[in-house]
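Me: I would like a close look at one part of this model, namely the charged side chains that pair with one another, followed by whatever helps to place that part in its surroundings. Please take it step by step and keep to what can be read from the atoms.

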Amino acid sequence: MIDTNAPAPLTRERLRSILGGSAGNLVEWYDWYAYAAFTLYFAPRFFPGDDPTVELLQAAAVFALGFFMRPIGGWLMGVYSDRKGRKAGLTLSVTLMCVGSLMIAVTPTYASIGVAAPALLLVARLLQGLSVGGEYGASATYLAEMAGRNRRGFFASFQYVTLIAGQLLALCVLLLLQATMSEAALEAWGWRIPFAIGGALAVSVFWLRRGLLETESFANVTGEARARSGFMTLVRDHPRQTMTVMALTAGGTLAFYAYSIYMQKFLVNTSGFDRETASAINAGTLFLFMLLQPVVGALSDRIGRKPLMVAFGVAGVLLTYPIFTTLAVTRDPGTAFAICFGALVIVSGYSAISGVVKAEMFPAHIRTLGVALPYAIANAIFGGTAEYIALWFKDSGFEEGFYWYVTGMIGVSLVTYLTMRDTRHHSMILED
């Protein structure tokens, strides 16, 4: 007897496109996260001052402003990908990322050109924000459409595998430079190296993405339907899905940035670890977190997306405050490692499947825009400001306020998870 529910075999071309799209995503996110990984070294070069926390606040503000370009990138490149193809959107996004990374690599410091230095840094970061705003929607849509119905959660989870791998690669470059260069050299010029590497890798990804297959979902949409992709169509015809994406993203993206990006600085600035130890803890936990994503994605193909998101919401609400307060007084690296990894295990219930959940909510003619724009808005408001708000609470003498803020936003997303349909059983991606 033939099992009609068994997944159809993947063709070599289809699998190569999934892997190729994932590899490109890795380079995009490496370029994005290199800024956060090396902030401790270049912040004094662009924002000179006497207080390290104030320097970090200024650099974090530029990081946050880059996030606020992501909705514009999500809107412009979401429409572009819906009209011209997922492959076209992926190629354009990596081009913008390349320009932004190379700009950071060559921009003179404040001591050389004054206020023009942070201004140029901001321009470069805004270009990167446009790029990543388009990258998320295009890559989430591309992987979900390419994967096939019964493997969608598993293969779509590779978006976060490569997202985390990009962040991990940035940290590995940091650890390598810390091991081979003096502190003075790193602060003087060594911080430029990762951005030069990122620009070079982006050039290679540009050529890789030009050879990807286009998805069947996009090919099946008529030209007239493609032309309807736009902001007004999204909010008029799909208001509930749009608001759902924003609400489910809010707590998830804030938790992700709190537990990963900000954690490196928390370990230094609050727990009291040196920069090298904090970077090693961050890199090790992120590596295990990366390996966990396909496991959770595959699990969602068996039990559904909703139970995993609800599990993240419940655990996040109950454990975020204890995680941060315990870590704040932890001085043992092994204990800190275990706590940080436990936090990332919790957030896996969101990260591994968030892209596929969003893609499954929208019809093909507006899918990339539907994934990209509401996600980018929520990500800019809650993810991009996470570091700044955390450091603001610390600077104001009420660091625990940030712990309650993260807990509350995860609670908002939990309500959404409890009330939404399971997209695995109600998917708008019709092709097998």
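Reply: In this predicted model, Glu145 and Arg86 meet in a salt bridge whose closest N and O atoms are 2.8 Å apart. Because Glu145 belongs to helix H7 (residues 116–147) and Arg86 to helix H5 (residues 86–106), the pair ties together parts that are 59 residues apart in sequence. Both ends of this bridge are buried, as Glu145 has a relative accessibility of 5% and Arg86 one of 0%. The search of the whole structure finds 11 salt bridges, and two others among them are useful to set beside this one.

The side chains of Lys265 and Glu387 form a salt bridge with an N to O distance of 3.2 Å. This pair, too, links distant parts of the chain, with Lys265 in helix H16 (residues 261–269) and Glu387 in helix H22 (residues 386–395), 122 residues apart. Lys265 and Glu387 are both buried. Returning to the pair described at the start, Glu145 and Arg86 are joined with Asp82 and Arg367 into one network by salt bridges that share partners.

Asp237 and Arg236 give another setting for such a pair, for their closest N and O atoms are 3.1 Å apart in a salt bridge, while Asp237 is partly exposed at 40% relative accessible area and Arg236 is exposed at 54%.

A charged residue without such a partner deserves equal care. Arg152, in helix H8 (residues 152–156), is buried yet has no salt bridge, and the nearest side chain of opposite charge, that of Glu360, is 4.0 Å away. Setting aside neighbours within four places in sequence, the contacts of Arg152 include Asp301, Glu360 and Glu431, as well as Arg305, Ser427 and Ile429. Ala144, Ala147 and Val356 are also among the residues that Arg152 touches.

Ser354 offers a further view of a buried position, lying in helix H20 (residues 354–359) with a relative accessible area of 0%. Beyond residues up to four places away in sequence, Ser354 touches Tyr136 and Tyr160.

Aromatic rings complete the surroundings. One charged side chain, that of Arg275, lies over the face of Tyr41, at 4.7 Å from the ring centre. Between rings, the search of the whole structure finds 25 aromatic pairs. One of these is the pair of Phe393 and Phe398, which is edge-to-face, with 6.1 Å from centre to centre and 75° between the planes. The two rings of this pair belong to residues in unlike settings, since Phe393 is buried at 15% relative accessible area, whereas Phe398 counts as partly exposed at 46%. Elsewhere, one aromatic cluster brings together Tyr259, Tyr262, Phe266, Tyr321, Phe324, Phe402, Tyr403, Trp404 and Tyr405.

To come back to the part you asked about, the bridge between Glu145 and Arg86 connects helices H7 and H5, and its two residues share a network with Asp82 and Arg367.

Methods:
Residues numbered from 1 in each chain as written. Predicted model: local features only at pLDDT ≥ 70, side-chain atom pairs only at ≥ 80, totals over all residues. Heavy atoms only, no water. Phe/Tyr/Trp six-rings, centres within 6.5 Å; stacked < 30°, edge-to-face > 60°. Buried < 20%, exposed > 50% of the residue type's maximum accessible area, 1.4 Å probe, protein only. Lys NZ or Arg CZ within 6 Å of the ring centre and 35° of its normal. Helix = DSSP H or I, 4+ residues; strand = E, 2+ residues; numbered from the N terminus. Lys, Arg positive; Asp, Glu negative; His and termini not counted. Contact = heavy atoms within 4.5 Å.
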